[in-house]
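Colleague: Got a minute to go through this one with me? Let's have it on screen.

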Amino acid sequence: EKMRGGTIFAALLLACVAHGATGEPSLKSADLLAEAEAMGDRLVQWRRNFHEKPELMYDLPETAAMVQAVLTELGIPFQYPVARSGVVGTIGTGQAPVVALRSDMDALPVLEEMFEDTKGFLSKATGKMHACGHDAHMAMLLGAAKLLKAREASIKGTVRLVFQPAEEGGAGGFMMTQEGVLDNPRVQRMFGMHVWPWLASGHVATAPGPLMAAAGTWEATITGVGGHAAAGIGIAVVDPVVATSAAITALHSIVSRDVRPGDSAVVSVTMVNGGHVHNVIPQSVTIGGTLRAFSREVYSTIERRTKEVLEGTAKAYGCTVTWAFTSFADDCMLSKDVPAHFGSGCTYPPVVNDADFSELATQVASSLIGKDRVSLAVPTMGGEDFSYFAERVPSSFVYLGIGNETKQTTAGLHSPFFKMDESVLPTGAALHASVALEALSLLGGLAGGARFEL
């Protein structure tokens, strides 16, 4: 009974702090973090529910249903489906100014490895896994939704909750922009985050300008004339293996000779397939890989040079070449010129953070967790289709660290050993909510001219 009384007193004390002297929910970042920490068990349960039922790309019936169920429970209206399987919730008046918060939803075709402390909620879909943290992203955004819904009376603008499908190659962000998720009324600021195993748990990192690279996929088939590996030489055989090996070598000179030293780019050949008999020269060899750069301009240069090298080298060796490349084209989602395993015909643009909004996110994070735990991120050649939002409205994308050696949460994204440090979920939820409220405050979107307190 003594313990029960103490628990009740603690809950009442937290409620008093959170609601302040007026009885209205607090508009202070520290109080949002305290409330998020108080619902930590619920955030963990949401995340584990998503983790047990991973789904791929746009095929997200159970994932979308779980998101809708929580939004319904919280009394938050939503649209579904958006971009085939996305969910978009609305908090506030539905009027300008509008700040959007985004989470991706899809998992990966990865077979999960079991840890002793994860065996109770492993993926129930063999060969599918939330190996990139999107389960945590959804849980944190739902946590932010709960915090913001409690403060809806203080919001005279709108917070738009964007649960987006098909980040993993399907360009779901692009489809959402095509279907008007940034419009009616127009989103003025947008925020997103990604859990990051290379950053210490509970720390935040971001940077103004380019943060993640433009990312595209390519594949080429170099065709010659197959035949006997000895008797056919010099008679009828045109060897595509030799042509391909020369092309691969030449491709790796593009960055050093066609890209200015001050820019960064990647041209990688990651697959080579050709032939299956020791004494037969194959008819063709297929190679493929990825291109990366921190601007559309540099990306377009390395794409053009990749095609020129492939064509010129194939011709020099008496072969022909056909290829498939993703593109920046507005109709890339409709492209029928790329293989199905590309996911989409789209090249993701670079994620470029707006300088002013990035500074706002940095200040909010510093107020929540302390300046010593917020750092300047080093741009990475990884790709992210949050870029489609960031190209259209001032946006900020941040990394939330989950790296903890003791908890074994340092395996990289997309690894079967990827593991979540669930203790960071309250930080992510509070950060989402705090960024939204601070942005609304500066845009005049809080009732009665209220200000959010960092």
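Colleague: Which strands does helix 9 lie across?
Modeller: Helix 9 (residues 296-316) lies across strand 8, strand 10, strand 12 and strand 13, and its direction is at about 160 degrees to strand 13. Helices (H or I, at least four residues) and strands (E, at least two) are DSSP runs numbered from the N terminus, contact means heavy atoms within 4.5 Å, and angles run from 0 to 180 degrees between N-to-C directions of axes fitted to C-alpha atoms, for helices over the stretch in contact.

Colleague: And the fine print?
Modeller: This is a predicted model, where local features need pLDDT of at least 70, side-chain atom pairs count only at pLDDT 80 or more, and totals for chains, interfaces and linings use all residues. Residues are numbered from 1 along each chain as its sequence is written, and side-chain values use heavy atoms, leaving out hydrogens and water.

Colleague: What's the strand order in the sheet?
Modeller: The order is 10-12-8-13, an open sheet of four strands with antiparallel pairing (at least two DSSP bridges between two strands). Strand 10 (265-273) and strand 13 (320-325) are the edges, each with a single partner strand, so one side of each has no neighbour in the sheet.

Colleague: How many bridges join strand 10 to strand 12?
Modeller: Eight, with strand 12 covering residues 284-293. Val272 has Ile287 in strand 12 as its bridge partner.

Colleague: Switching topic: at what angle do helix 7 and helix 9 cross?
Modeller: Roughly 150 degrees, with their axes coming within 9 Å. That makes helix 7 roughly antiparallel to helix 9 (over 145 degrees).

Key
Angles under 35 degrees count as roughly parallel, over 145 as roughly antiparallel, 65 to 115 as roughly perpendicular and the rest as oblique.
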